[in-house]
Amino acid sequence: MLQSGDRIAIYMEGALASRGSKMGIGTLRYSPHVIACLIDSENAGQDVVALTGVDRSVPIVASLNEAKELGANVLLLGIAPPGGLIPVEWYATLDEAVGMGLSIVNGLHDLLSTRYPNLADGQWIWDIRQEPDGVGVGTGEARNLKNKRVLFVGTDMSVGKMTAGLELHKLARSRGINAEFIATGQVGITIMGRGVPLDCIRVDFAAGAMERAVLDASTSELVIIEGQGSLVHPGSSSTLPLLRGAQPTHLVLCHRAGMTELIDQPWVKIPPLKDLAQQYEDLAEVCGVFRRPVTAAICLNTSHLPEKDAERVLRETEREVGMPVCDAVRFGAERILDALNC
């Protein structure tokens with residue numbers, strides 16, 4: 001796992017501007033570790049701030065050799081291909097990286113530790129997507145906790161749930177609030193150094209794994225849980241274990257401004273935001289069996305809009321839904337934190 005002195009080269013070959021760049025862009029934006037460079041021969045020498053919108057200026061290089069010359073000792077796979085499997089054509093680069101002595105952060109489903117069992121002293125492979133030891137069935141125990149537990153939910157995959165949660169965590173800590181962020185995906189776990197790799201945990205134990213993580217954070221005044229997937233996505237199975245394991249007191253619904261249908265399943269039309277928020281609350285409560293969470297705010301991703309249009313959409317949406325609406329990255333997460341009364 002990453003240590004304080006590590007220098008990371010983020011592998012982004014041919015994908016810097018694609019939807020699959022989430023791992024690399026998230027690490028670039030939030031990682032506390034030194035980012036030595038990005039590797040992308042198509043954009044080598046270009047301005048990373050202009051290309052990504054992330055205010056962290058690092059060089060873009062074309063090769064592993066250049067990354068090594070810049071002091072990189074870790075290669076992080078910054079691309080998430082469809083299905084989360086390592087493309088066959090990457091293995092030549094990975095073989096070269098290991099041969100050069102680089103350690104590897106791998107957030108994909110294929111495990112690299114089995115491919116590279118004999119590493120040099122100090123060299124390591126971090127396969128993030130592995131089921132933790134000792135997971136069990138959920139019991140609902142988190143319902144008894146006295147702290148606030150905020151689960152970020154969404155209208156689709158990749159609409160900003162993790163990013164908004166990290167912005168809330170950063171703001172809460174800056175205000176002196178004892179806040180914990182529970183990462184549930186490869187990007188969040190890489191940034192935080194710990195978490196629950198939810199999509200590689202057997203479904204019977206997924207709620208139990210979330211419950212254990214929330215109970216471990218029981219001394220925190222505010223627990224922020226990274227959401228996964230969406231209730232309306234036909235391929236998403238993460239909503240129920242997140243709700244049952246975390247027993248959230250509050251929800252934040254995340255949405256890409258202007259999106260009316262799912263990105264990969266356009267036949268699925270996104271319900272009105274207020275109605276979908278109520279559906280999440282209904283599912284969490286189950287006819288009064290569990291405590292009903294409150295939707296504290298709606299977080300819109302307006303990164304594709306000019307600033308004036310973004311401000312207008314936020315105002316219009318707030319009038320429509322009757323609750324706080326913000327873009328946590330662009331304009332800050334104050335509306336969410338204030339709504340939580342922390």
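The expected span of a helix is 1.5 Å times one less than its number of residues. Keep that yardstick in mind as we begin with helix α9 of this predicted model. Helix α9 covers residues 273–285, which makes 13 residues, and reaches 18 Å from its first C-alpha to its last. That is close to the 18 Å expected at 1.5 Å a residue.

Which residues of α9 are buried? They are Leu273, Leu276, Ala277, Tyr280, Glu281 and Ala284. Looking down the axis of α9, you will find its buried residues within an arc of 145°, so they line one face of the helix. What do these buried residues pack against? Their partners are the strands β7 (148–154), β10 (250–256) and β11 (294–301), together with the helices α8 (239–246) and α10 (307–321). Just after α9 comes Val286, whose phi is positive, near 50°.

Now let us step back to the whole chain. It has 11 helices and 12 strands. Its radius of gyration is 20 Å, close to the 20 Å that the globule rule gives for 342 residues, so the chain is as compact as a globular protein of that length. Taken along the principal axes, the C-alpha atoms fill a box of roughly 55 × 50 × 45 Å. Of the 342 residues, 54% count as buried. Among the contacts with a separation of 6 or more, 69% are between residues 24 or more positions apart.

Next, the sheets. One open sheet of 6 strands runs in the order β3-β2-β1-β4-β5-β6, and its pairing is parallel. Its edges are β3 (60–61) and β6 (125–127), each with a single partner strand, so one side of each is left without a neighbour in the sheet. Further in, β4 (residues 74–77) and β5 (residues 103–106) pair in the parallel sense over 3 bridges. Which residue of β5 is the bridge partner of Leu76? It is Val105. Helix α4 (residues 91–99) packs on this sheet, where it touches β1 (7–11), β4 and β5. The direction of α4 makes about 160° with that of β4.

Another open sheet, also of 6 strands, has the order β8-β9-β7-β10-β11-β12 with parallel pairing. Here β8 (179–182) and β12 (325–326) stand at the edges; each has a single partner strand, so one side of each is left without a neighbour in the sheet. Three of these strands, β7, β10 and β11, are already familiar as partners of the buried residues of α9. Between β7 and β10 there are 5 bridges, in the parallel sense, and Gly154 has Cys254 in β10 as its bridge partner. Helix α7 (residues 203–216) lies across β7, β8 and β9 (222–225), running at about 160° to β8.

Back near the start of the chain's numbering, helix α1 spans residues 22–30. Is α1 mostly covered or mostly uncovered? It is mostly covered, with 7 of its 9 residues buried: Met23, Gly24, Ile25, Gly26, Thr27, Leu28 and Tyr30.

Tyr30 leads us on to Glu167, a residue of helix α5 (residues 161–174). With a relative accessible area of 11%, Glu167 is buried, since buried means under 20%. Leaving aside its neighbours within four places in sequence, Glu167 is in contact with Tyr30, Ala328, Val329 and Ala333.

Two other residues make a useful contrast in setting. Ile263 is found in the loop between β10 and α9, and at 35% relative accessibility it counts as partly exposed. Beyond its neighbours within four places in sequence, Ile263 is in contact with Arg19 and Asp156. Val159 is 104 residues from Ile263 along the chain, while their C-alpha atoms are separated by 10.0 Å.

Arg335 belongs to helix α11 (residues 334–339). Its relative accessible area is 36%, and so Arg335 is partly exposed. Not counting residues up to four places away in sequence, Arg335 touches Glu318, Pro324, Val325 and Cys326. Val325 and Cys326 bring us back to the edge strand β12 (325–326). Finally, Arg335 and Ala297 are 38 residues apart in sequence, and 7.5 Å apart in space, C-alpha to C-alpha.

Methods:
Residues are numbered from 1 along each chain as its sequence is written. This is a predicted model: local features need pLDDT of at least 70, side-chain atom pairs count only at pLDDT 80 or more; totals for chains, interfaces and linings use all residues. Side-chain values use heavy atoms; hydrogens and water are left out. Helices (H or I, at least four residues) and strands (E, at least two) are DSSP runs, numbered from the N terminus. Buried means under 20% relative accessible area, exposed over 50%, partly exposed in between (1.4 Å probe, protein chains only). The arc is that of the directions from the helix axis to the C-beta atoms. Contact means heavy atoms within 4.5 Å. Two strands pair if DSSP finds at least two bridges between them. Axes are lines fitted to C-alpha atoms, for helices over the stretch in contact, and angles run from 0 to 180 degrees between N-to-C directions. The radius of gyration is taken over C-alpha atoms; the globule rule is 2.2 Å times the number of residues to the power 0.38.
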